[in-house]
Structures are given as C-alpha cells and as structure tokens.
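Please open the model in your viewer and keep the sequence panel at hand. The tour below proceeds by selection, saying at each stop what to pick and what is found there.

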Amino acid sequence: MRRMISRSMGVLCAGIALGSIVAARPSPGRRSTPPAPLQVSGQTVYNDVCAVCHQPSGEGNEEMYPPLAGSEWVNGDAGRMVRIILNGLTGPVEVAGVEYNSVMPAWGATLSDAQLAAVATYVRSAWGNKGSAVSTAEVTAIRAAGRSRTTPWTVRDLMAATVTATEK
Ligand code: HEC
C-alpha cells in the first residue's frame with residue numbers, strides 16, 4: 001500500500017512538472033507532437049519538416065531529392081499532393097524531366113490536418129509555383145478516404161487513387 005502511495009506521488013510530481021512545461025508553451029496541445037499555434041504557418045512546417053530534403057529553396061538535391069519548385073506534382077492536382085505528404089512516395093517518379101527513384105517517408109502521423117493543409121498551400125505558392133490553396137477540410141476528407149493505405153504511394157497507385165477520387 002505504501003509503495004502504491006509513493007508511486008502515485010511520483011506520478012503526481014511528474015504531472016506537475018509536465019504541467020509547468022506545457023504551461024510555458026504558447027499553446028498547449030493534447031498530443032506529444034509540438035502544439036500547433038492558432039494560425040499554422042506553412043513556411044514554418046516546411047522549414048521544420050520538408051526542407052532537410054527538398055532544401056529551403058525548394059530546389060531539392062539533384063542526386064537524391066526531387067525539386068518542389070516548378071514540379072508538376074506540386075502545381076497539379078491538390079489531392080495527389082496531399083496523398084504524397086500523408087503516406088510518402090516510393091519508386092520511380094519523373095519530376096521536371098528528371099527521374100528519381102527513392103523513398104519519401106510518410107508525414108500523416110506527424111502533421112495535423114491544419115499543418116498539412118498549411119504546408120501544402122505554402123509549397124504550392126512558393127518559388128513561383130501556381131497551385132491552388134489546400135483547405136484543412138480537404139485534408140481531413142482525403143485522410144479519411146485513404147485510411148486503409150499504410151505504405152508509401154507508388155506513382156501507379158497514386159494516379160489510380162486520384163482518378164477514383166475525381167470521379168466521385
Ligand atoms: C527524408 C526526405 C524527405 C522529406 C523530409 C520530405 N520529402 Fe518529399 N520527397 C522525398 C523523396 C526522396 C521524394 C521522391 C520519392 C521517389 O523517388 O519515389 C519526394 C517526393 C515528393 C513530392 C513529389 C515529387 C516532387 O518533387 O514534386 C512532393 C510533392 C513532396 N515530396 C513534398 C514534400 C513535402 C511537402 C514535405 C514536407 C511535409 C516533404 N516532401 C518531405 C524526400 C523527402
């Protein structure tokens with residue numbers, strides 16, 4: 001009994017310590033991922049998550065990572081781009097006339113719908129891109145519709161999924 005009490009005291013103390021950390025943050029979140037500020041900045045999400053591979057300039061890296069600046073995948077169908085961010089992409093993909101064949105990890109578990117919409121909208125309008133804005137509601141719908149997919153997209157599956165979604 002005594003042991004149980006001391007253990008619950010420990011939990012209580014940890015709770016208080018954690019509470020003060022969370023309280024020090026600008027906007028406390030329910031999840032362990034960094035709490036999303038009220039207005040999500042797509043540029044901040046980009047720099048935190050995507051820039052390590054696609055570079056702050058969006059130019060990518062010729063050997064490994066395709067560009068987002070001037071990419072037909074970024075300027076094209078919004079749903080297709082959202083799916084790539086949610087689940088990642090693997091296998092051959094042609095971007096601006098160059099073939100890549102690598103793996104992009106999934107970000108669906110890390111990013112909230114609002115963060116994903118913000119980063120997609122940012123990328124689609126940065127560096128001279130001319131893609132339409134992406135709303136949080138669109139991301140929510142695409143995430144729900146694609147819940148059964150657990151592996152990164154291949155271009156082939158992605159094109160099939162996009163056609164199905166457009167026909168609906
Ligand atoms: C760990 C490295 C990495 C990170 C981080 C990453 N990507 Fe990618 N991304 C890739 C690779 C590699 C490919 C190509 C995959 C292939 O060859 O099939 C790709 C492909 C893409 C494509 C389709 C091709 C193109 O160039 O337009 C888009 C769109 C994209 N990524 C957007 C993003 C966005 C937005 C983020 C941040 C939320 C992000 N990526 C984070 C590595 C990454």
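How many residues surround the ligand, and which are the closest? If you select the shell in this predicted model, you will find 29 residues around the ligand, with Cys 50, Cys 53, Pro 66, Ser 71 and Met 104 as the closest. Colouring that shell by residue class gives 23 nonpolar residues and 6 polar ones, with no charged residue in the set. To see where the shell comes from, select α2 (42-54), α3 (72-75), α4, β1 (89-95), β2 (98-104) and α5 (113-125), each of which supplies at least two of its residues.

Now step back to the whole chain, where 7 helices and 2 strands follow one another in the order α-α-α-α-β-β-α-α-α. Of the 168 residues of the protein, 26% count as buried. Among contacts between residues at least 6 apart in sequence, 60% join residues that are at least 24 apart.

Next, select helix α4, residues 78-87. Is this helix enclosed or open to the outside? Because 10 of its 10 residues are buried, α4 is largely enclosed by the rest of the structure. The buried residues include Arg 80, Arg 83 and Asn 87 as well as Val 82, Ile 84, Ile 85 and Leu 86.

Within α4, centre the view on Met 81, which counts as buried because it has 23 C-beta neighbours inside 10 Å, the threshold for that label being 20 or more. Leaving aside neighbours within four places in sequence, Met 81 is in contact with Trp 73, Val 74 and Ala 120. If you then draw a distance between C-alpha atoms, Met 81 and Val 134 are separated by 9.8 Å, although they lie 53 residues apart along the chain.

Follow the chain out of α4 to Gly 88, which comes just after the helix and takes a positive phi of about 85°. From there, select β1 and β2 together: the two strands pair in the antiparallel sense over 7 bridges, and they form a hairpin with 2 residues between them. In the turn, Ala 96 has a positive phi of about 50°.

For the last selection, pick Leu 89 and look across to β2, where its bridge partner is Met 104. Met 104 brings the tour back to its starting point, since this residue is also one of those closest to the ligand.

Technical notes
Residues are numbered from 1 along each chain as its sequence is written. This is a predicted model: local features need pLDDT of at least 70, side-chain atom pairs count only at pLDDT 80 or more; totals for chains, interfaces and linings use all residues. Helices (H or I, at least four residues) and strands (E, at least two) are DSSP runs, numbered from the N terminus. A residue is buried if 20 or more other C-beta atoms lie within 10 Å of its own, exposed if 12 or fewer, and partly exposed in between; C-beta atoms are placed from the backbone. Two residues are in contact if their C-beta atoms, placed from the backbone, lie within 7 Å. A residue is near a molecule or strand if its C-beta atom, placed from the backbone, lies within 6 Å of it. Ala, Val, Leu, Ile, Met, Phe, Trp, Tyr, Cys and Pro count as nonpolar, Asp, Glu, Lys and Arg as charged, and the others, Gly among them, as polar. Two strands pair if DSSP finds at least two bridges between them.
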